[in-house]
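Reader: Hi! I'm just starting out with protein structures, and I'd like to look closely at one part of this one. Could you walk me through it slowly?

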Amino acid sequence: MERRKFLEHVGWTGLGIVWAVGGNGLLTACQVEQPDAQKSSTALPFSFVQISDTHIGFKKPANEHVTDTLQKTINAINALSTPPAFVIHTGDISHLSKPEEFDLAKQLLSQLKVPLFTLPGEHDTIGDRGKAYESAFNRKDVKEGLQVWDQAGIHFVSLTNVLDFGATGTGKLGQAQLDLLSKDLATQKKDTPLVVFSHIPLYDLYPKWGWATADSASLLSLLSRFTSVTVLTGHIHQVIEHSEGNIRFHTAAATAYPLPAPGHGDQPAPVKLNENNLLAVLGFRTVEVISLKDTRVDQHTLG
């Protein structure tokens with residue numbers, strides 16, 4: 001793929017993109033005119049950061065220094081003018097689920113100055129359905145892959161949809177996790193803002209490459225009654241937006257390497273760019289909740 005076309009596809013401007021939430025609590029996109037636009041925000045009572053697809057252990061030409069790009073990401077997060085309430089890693093922390101990869105990732109991520117939440121990607125579950133990952137990151141209050149918590153008037157939902165990826169080539173939540181989520185959401189008011197995290201996209205983004213979750217229709221049925229739902233995922237190493245009713249989907253950039261746009265090529269193989277262009281498509285995302293109906297999301301590149 002030509003670099004220009006790739007950059008056009010992922011929509012990076014080099015200055016970042018902001019999503020502002022209007023009266024219905026949903027995110028809408030606009031460009032940031034200044035790279036330090038976050039500093040101009042007025043009231044920022046609550047914010048969090050999403051990072052994804054660090055692939056510690058990956059050593060191929062698309063990025064032979066994934067620990068360096070993760071370190072750049074951590075340094076940038078720690079330097080934010082407004083410290084986030086937490087950082088969530090939406091999966092593929094490691095490349096091959098090796099203990100030494102998880103150990104190195106933990107050492108690097110321990111430098112974050114705020115609490116860290118994680119969920120597994122399919123690369124974190126190779127060979128053992130995530131046992132080594134769970135041992136390394138010791139997630140609490142997780143049942144059937146589901147973790148929920150409330151913070152700043154928002155109901156957060158972390159889902160696991162990668163355990164069957166090796167057999168099926170696509171995401172799957174499973175009925176047990178969906179049943180638990182159904183019970184949890186039944187206790188929430190319909191105007192409670194929901195933020196949902198998973199690794200693999202929770203709609204049919206590009207099923208041919210496994211960029212979909214087989215039973216996502218059941219999930220979307222549960223989410224449909226809520227006024228404001230924001231879904232943040234990883235897996236595809238690029239920023240793509242999608243809407244279904246009041247549900248807004250946002251995939252994230254990786255910190256490791258880019259992947260091609262959906263359908264560009266035979267398979268989603270890592271894209272090799274020169275260093276400057278690579279850093280321009282890697283990064284993280286901040287989500288700032290100014291009030292329950294006033295939120296903004298910034299994409300931060302490493303270049």
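Which residues of helix H6 (residues 175-185) are buried?

Author: Happy to! One thing to keep in mind as we go is that this is a predicted model. The protein chain has an average pLDDT of 86, and 83% of the residues score at least 70. Residues 1-44 need some caution, since pLDDT stays under 50 there.

Now to your helix. In H6, the buried residues are Gln 177, Leu 178, Leu 181, Asp 184 and Leu 185. Looking down the axis of H6, you would find these buried residues within an arc of 120 degrees, so they line one face of the helix. A bit of background helps here: an α-helix has 3.6 residues a turn, so residues three or four places apart point the same way. Turn to the other side of H6 and you meet Gln 175 and Lys 183, which are exposed.

What lies over the buried face? The cover on the buried residues of H6 includes three strands, S6 (147-151), S7 (154-158) and S8 (194-197), along with helix H7 (216-223).

Let's follow one residue from that cover, Leu 223, at the end of H7. Not counting neighbours within four places in sequence, Leu 223 is in contact with Leu 185, Leu 194, Val 196, Val 229 and Ile 247. Among these partners is Leu 185, one of the buried residues of H6. Leu 223 also belongs to the largest nonpolar core, which has 49 residues; Leu 223 and Leu 159 are the ones with the most contacts inside it. There is a second, separate core as well, with 15 residues, including Phe 46, Leu 119, Val 195 and Val 297. As a general point, nonpolar side chains tend to be buried together in soluble globular proteins.

For contrast with a helix, take a strand, S4 (residues 86-89). Phe 86 and Ile 88 point one way from S4, while Val 87 and His 89 point the other way, and all are buried. S4 runs parallel to strand S3 (residues 46-51), with 4 bridges joining them, and Ile 88 in S4 stands opposite Gln 50. Between S3 and S4 the chain passes through helix H2 (residues 66-78), in a right-handed β-α-β crossover. S4 also pairs in the parallel sense with strand S5 (residues 116-118), over 3 bridges. There, Ile 88 has Phe 117 as its bridge partner in S5. S4, helix H3 (residues 99-109) and S5 form a right-handed β-α-β unit too.

Technical notes:
Residues are numbered from 1 along each chain as its sequence is written. This is a predicted model: local features need pLDDT of at least 70, side-chain atom pairs count only at pLDDT 80 or more; totals for chains, interfaces and linings use all residues. Side-chain values use heavy atoms; hydrogens and water are left out. Buried means under 20% relative accessible area, exposed over 50%, partly exposed in between (1.4 Å probe, protein chains only). Helices (H or I, at least four residues) and strands (E, at least two) are DSSP runs, numbered from the N terminus. Two strands pair if DSSP finds at least two bridges between them. A crossover is right-handed if, with the strands pointing away from the viewer, the path from the first strand over the helix to the second runs clockwise. pLDDT is the predictor's confidence in each residue, from 0 to 100. Contact means heavy atoms within 4.5 Å. The arc is that of the directions from the helix axis to the C-beta atoms. A nonpolar core is a set of buried Ala, Val, Leu, Ile, Met, Phe, Trp, Tyr and Cys residues joined through side-chain atoms within 4.5 Å.
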